[in-house]
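Please open the model in a viewer and keep the sequence panel visible. The tour below proceeds by selection, with a description of what is found at each stop.

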Amino acid sequence: MEKLITIENAHFSYPAADENAKPVEVLKGISLEFEHGELVAVLGHNGSGKSTLAKLLNAVLLPTEGKVTVTGIDTKEEDKLLEIRQHVGMVFQNPDNQIVATTVEEDVAFGLENIGVPSAEMRVRVDQALQAVGMYEYREHAPHQLSGGQKQRVAIAGIIAMRPDCIVLDEPTAMLDPQGRKEVMRTIRLLNRDYGITVILITHEMDEAAQCDRVIVVDHGEVRMDAKPEKVFSHVQKMRAIGLDVPQPTELCDLLRQAGYDLDPEIMTPEACAEAVAKLFQ
Ligand SMILES: Nc1ncnc2c1ncn2[C@@H]1O[C@H](COP(=O)(O)OP(=O)(O)OP(=O)(O)O)[C@@H](O)[C@H]1O
Ligand SMILES: [Mg+2]
């Protein structure tokens, strides 16, 4: 099957701030492929280029060098912009900036109206999208009365109503409380598992990355690691050097290993950690 997204040696520089300044290269030769159905986390410290990379995926930005394709379409093809954006939808950090209408269902319908979906089909798609994110009962509510997590799920519904193959979420839980974070992560995993939507999740939360199938670590505009989360997090020192943490269970096991205990470096979940530590006492 055709790759969903390919990035070939992509470079990106923002234009120089003034005549005397030089453009700063923010992405320095990134090559990645994304398959249909993947659940991928992108990690990296502040300013490493994650959001810039995300914007290359649906032609908000074009690479200054190299190539990005979405279902085989080069993102430089101007007349395919709408098609590209329908394949790859984006969700951002602040749910308040993404809400445009006065009721939840109007908000979810907004993008569909813009692309001229007939009203009967619109009804079906809005209802399905709201059901998929668990917000159907709130369809007649005013968005500003919802919690942060609920608003973010409405924003996600607005994107999936467009029936994209892929959603890119740029720190969607950063402004939410722990309850909101959990709701949004549960929704994201469900959309991936039950609806087959490819998810690319940019996050600073290691426990969220641990719930994905693949983790990409970006550092200074380059891909430093790209593997299963257990593998990535087993490189505790390397992650620290890049300025990133590892999940707490991995950290605990790492400390115990340094103290001479024999533990699997790929332990990542609290359950696996508890089991391994209990074995040490047997
Ligand atoms: N519009 C812009 N014009 C000029 N420079 C920019 C612009 N947007 C971002 N940058 C710079 O590009 C670099 C990468 O920024 P980017 O937003 O992609 O990083 P990030 O990994 O998403 O960071 P964060 O974790 O803080 O969201 C940073 O040094 C940033 O200052
Ligand atoms: Mg960012």
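## A tour of two sheets, a helix pair and a ligand shell

Begin with Ile216, whose bridge partner in β10 is Asp226. Strands, like helices, are DSSP runs numbered from the N terminus, with at least two residues (E) for a strand and at least four (H or I) for a helix. This is a predicted model, in which local features need pLDDT of at least 70 and side-chain atom pairs count only at pLDDT 80 or more, while totals for chains, interfaces and linings use all residues. Residues are numbered from 1 along each chain as its sequence is written, and chains are lettered from A and ligands numbered from 1 in the order in which they are written.

**The six-stranded sheet.** Extend the selection to β9 (residues 214-219) and β10, which run antiparallel and are joined by 5 bridges; two strands count as paired if DSSP finds at least two bridges between them. Now select the open sheet of 6 strands, ordered β6-β7-β8-β3-β9-β10, in which the pairing is mixed. At its edges are β6 (88-91) and β10 (222-227), each of which pairs on one side only. From one strand to the next, the twist averages 20 degrees. Angles here run from 0 to 180 degrees between N-to-C directions, and axes are lines fitted to C-alpha atoms, for helices over the stretch in contact.

**Helices on the sheet.** Add α5, which lies across β6 and β7 (166-170) and runs at about 165 degrees to β6. Add α6 as well: this helix packs on the sheet, where it touches β3 (39-43), β7 and β8 (198-202), and its direction makes about 155 degrees with that of β8. Contact means that C-beta atoms, placed from the backbone, lie within 7 Å.

**The helix pair.** Hide the strands and keep α5 (residues 148-160) and α6 (residues 178-195), whose axes come within 8 Å and cross at roughly 25 degrees. That angle makes α5 roughly parallel to α6, a class that covers angles under 35 degrees. On the α5 side, the contact is made by Gly148, Gly149, Gln152, Arg153, Ile156 and Ile160; on the α6 side, by Gln179, Gly180, Glu183, Val184, Thr187 and Leu191. Coloured by class, this contact has 4 nonpolar, 6 polar and 2 charged residues. Ala, Val, Leu, Ile, Met, Phe, Trp, Tyr, Cys and Pro count as nonpolar, Asp, Glu, Lys and Arg as charged, and the others, Gly among them, as polar.

**The four-stranded sheet.** Next, display the open sheet of 4 strands in the order β2-β1-β4-β5, with antiparallel pairing. β2 (24-34) and β5 stand at the edges with a single partner strand each, so one side of each is left without a neighbour in the sheet. β1 and β2 pair over 8 bridges, and Ile5 stands opposite Phe34 in β2. Between β1 (residues 5-14) and β4 (residues 65-70) there are 5 bridges; His11 has Glu65 of β4 as its bridge partner. β4 is joined to β5 (residues 73-74) by 2 bridges, and Val70 stands opposite Ile73. In the hairpin of these two strands, with 2 residues between them, select Thr71, which takes a positive phi near 40 degrees.

**The ligand shell.** Which residues surround ligand 1? Select Tyr14, Val26, Gly44, Asn46, Gly47, Ser48, Gly49, Lys50, Ser51 and Thr52; a residue is near a molecule if its C-beta atom, placed from the backbone, lies within 6 Å of it. Helix α1 (residues 50-56) supplies the largest share of this shell, 3 residues. By class, the shell has 2 nonpolar, 7 polar and 1 charged residues.

Methods: Parallel < 35°, antiparallel > 145°, perpendicular 65-115°, else oblique. Contact = placed C-beta atoms within 7 Å.
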